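Trainee: I would like to learn how to read a structure. Can we take one feature at a time?

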Amino acid sequence: MTAESGAEPRGSGGVRAQVREFLEGAPRGPYDDPMHADDVDLRSASFLALTLTLVMLLIGRPPETHVLTPLVAVVGLAVPGLARSRWYWLLLTGLFAHSPLMRPWLALDNHHWLQLYWFVAILLTRFATRPDAALRVSARFMIGFAFTFAVGWKLLLPEFRSGAFFDTTFAADSRLGDVASAFGVQEPNAATEHGRILRSWRVPGASPEPGVVELHTLIERLTPWLAWMTIVVEATVAVAFLAPLQARLRWLRDAAMLLFVLATYPLAPVVGFGRLLLVMSAMQSELRPRVRAIVYVTAFVAVSLLGERDVVLDWMRSTLTEAG
Amino acid sequence: MLSRRDRVLAWAMPVVLVAVALHQVHLAVTRDLTPWKGGGFGMFASVDRSTWRPMQGVFVTDTGDRIPFAVHDLSTGSPRENRAFVNARALLDERRAAALFDVVESSEWVIAGGIAEYEGRAAGETPGPVVRRGAAEVSGDPNEAGEPSEHVTVTAIHLEVWRATYDRGTRSFVPVSAGRVERELGPSP
């Protein structure tokens, strides 16, 4: 690791210097901070993150991307060095932003917002004198703040803490309902059936009335635990990414993100969000380049395969049915 | 160390993220915005999902009749109609309600089976929604086909949006009103 000329000497101290270091994600300590990391490390993190970003665009589903986006992504992957060009990212960000900006503001999901922020962050940091170092800071703090708000909401709402949110999600959201039915604790079409209650409220002229759902007691016992486990895992990510960790502990950020991805996406396969978080986390990662590439590419592929989760669930369901 | 310019570029989007999220939390707490929308990272935390919110709309006629209309059908209309419906369902404040009223007013509705169904954007610039009774509705014969003819004069439009809650004790989805608005329409010229 090499220190750049012009860096403040260690121990020059002062609150102002410490605040500045925090803002750069570079606390003082016995280890080199990321802003002093050599360019090889930063360039390899940036290469990995930008490449996976382009792959993400390439395999993204059409409603979420402009029709030309995959084509531009292919060109970026094929032409060496193009993915480091600010003008390339200006084009790509413009194309990418087209879809979310054309949709109603209140139709956008969390990952649409974060994707938009990520593309603009890549674009803006291409104009920095140290683009990769600046993007590393953006990636780390965007993840940290996003998880802080996610945890804040979950702590704020009693319906989440009590497990009621997960009760309703098992009952009427097929993403979790299918998992419950694959394990034999819910009827296969329960989510669709319970969804009728909610759809009946929309019938013109109807006066919405309460509707009872059938939920296995095992699910009801499990959901408060599931809720608190989610809070703990997401809080771990938030703290790991926002805390000024010493260099020898920064692998905890990668571990926290992988824990979150492993704990969340097999149950709720929001594949696009999972891939985006991994891409951003790869950018801030300070693992050794080879380890980083293996870990994040493997996780990226695994999350992408979760899109085909239904095949496994169908197999489990039929096996359970045959076993009586 | 990053230069001042680099620090600004690096921190721009994290700061935007925090600003948008704080605004979303404010709207959700003070104005019943669904936590699932608005960029505040409240998805998968609340039972109150945007897509689970039902909206009910009623035309009040000059004869005092109340005719429910299929307001959810607007989500399948043009981008403008879809935008007005989706935004108002997630946050029924004055501005979004006004946008939705404008869309309802500029649309054509045909009454069938006591419900006014969305037919598309009304041709011409008539004040108020174009609401007509279907042929079957006029003749009283449900098999009667043909062009809708009888015009209905609408004097007010009512909209109400509900949000889903869940009672663990009774294992029930329970609807709670999240806002109700109405627009009085002036007399036809």
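**Salt bridges, interface and fold**

Mentor: Start with the charged pairs: over all chains, the count comes to 18 salt bridges. A salt bridge here is a side-chain nitrogen of Lys or Arg within 4 Å of a carboxyl oxygen of Asp or Glu. This is a predicted model, where local features need pLDDT of at least 70, side-chain atom pairs count only at pLDDT 80 or more, and totals for chains, interfaces and linings use all residues. Residues are numbered from 1 along each chain as its sequence is written, chains are lettered from A and ligands numbered from 1 in the order in which they are written, and side-chain values use heavy atoms, with hydrogens and water left out.

Trainee: How far apart are the closest N and O atoms of A:Arg84 and A:Asp132?

Mentor: They are 2.3 Å apart. The pair joins distant parts of the chain, 48 residues apart. A:Arg84 sits in the loop between α3 (69–78) and α4 (86–102) of chain A, and A:Asp132 sits in helix α6 of chain A. Helices (H or I, at least four residues) and strands (E, at least two) are DSSP runs, numbered from the N terminus.

Trainee: Is A:Asp132 buried or exposed?

Mentor: First the cut-offs: buried means under 20% relative accessible area, exposed over 50%, and partly exposed in between (1.4 Å probe, protein chains only). A:Asp132 has 6% relative accessibility, so it counts as buried. A:Arg84 has 27%, so it is partly exposed.

Trainee: Which residues are linked with A:Arg84 in a network of salt bridges?

Mentor: A:Arg126 and A:Asp132 are linked with A:Arg84 in that network. Now look at another pair in chain A. The side chains of A:Arg175 and A:Asp173 meet in a salt bridge at 3.0 Å, N to O. A:Arg175 is partly exposed at 28%. A:Asp173 is buried at 6%.

Trainee: Where in chain B do B:Arg31 and B:Asp93 lie?

Mentor: Their side chains meet in a salt bridge, 3.1 Å from N to O. B:Arg31 is in helix α1 (residues 4–31) of chain B. B:Asp93 is in the loop between α2 (79–90) and α3 (94–105) of chain B, and the two residues are 62 apart. B:Arg31 is partly exposed, with a relative accessible area of 42%. B:Asp93 is buried, at 9%.

Trainee: How many residues does each chain bring to the contact between chain A and chain B?

Mentor: Contact means heavy atoms within 4.5 Å. Chain A brings 74 residues and chain B brings 65 residues. Next, take the buried area: the accessible area (1.4 Å probe) that two parts lose on being put together, summed over both. Between chain A and chain B it is about 6,400 Å², and carbon and sulfur atoms give 66% of it. A:Leu106, A:Phe149 and A:Trp153 supply 13% of the area that chain A buries against chain B, more than any other three residues.

Trainee: How many salt bridges are there between chain A and chain B?

Mentor: There are four. In one of them, the side chains of A:Glu220 and B:Arg171 meet at 2.7 Å, N to O. Helix α6 (residues 131–156) of chain A gives the most to the side of chain A that touches chain B, with 12 residues.

Trainee: What should I check in helix α5 of chain A?

Mentor: Check its span. The expected span of a helix is 1.5 Å times one less than its number of residues. Helix α5 (residues 110–125) of chain A has 16 residues, so it should span 22 Å; its end C-alpha atoms are 22 Å apart, which agrees. Of those 16 residues, 14 are buried, so α5(A) is largely enclosed by the rest of the structure.

Trainee: How many helices and strands does chain B have?

Mentor: Chain B has four helices and eight strands. Along the sequence they follow the pattern α-β-β-α-α-β-β-β-α-β-β-β. Of its 189 residues, 54% are buried.

Trainee: What is notable about phi of B:Asp32?

Mentor: Most residues other than glycine have a negative phi. Phi of B:Asp32 is near 65°, a positive value. B:Asp32 lies in the loop between α1 and β1 (55–61) of chain B and is partly exposed, at 24%. B:Phe41 lies in the loop between α1 and β1 of chain B. Its phi is positive, near 60°. B:Phe41 is buried, with a relative accessible area of 2%.
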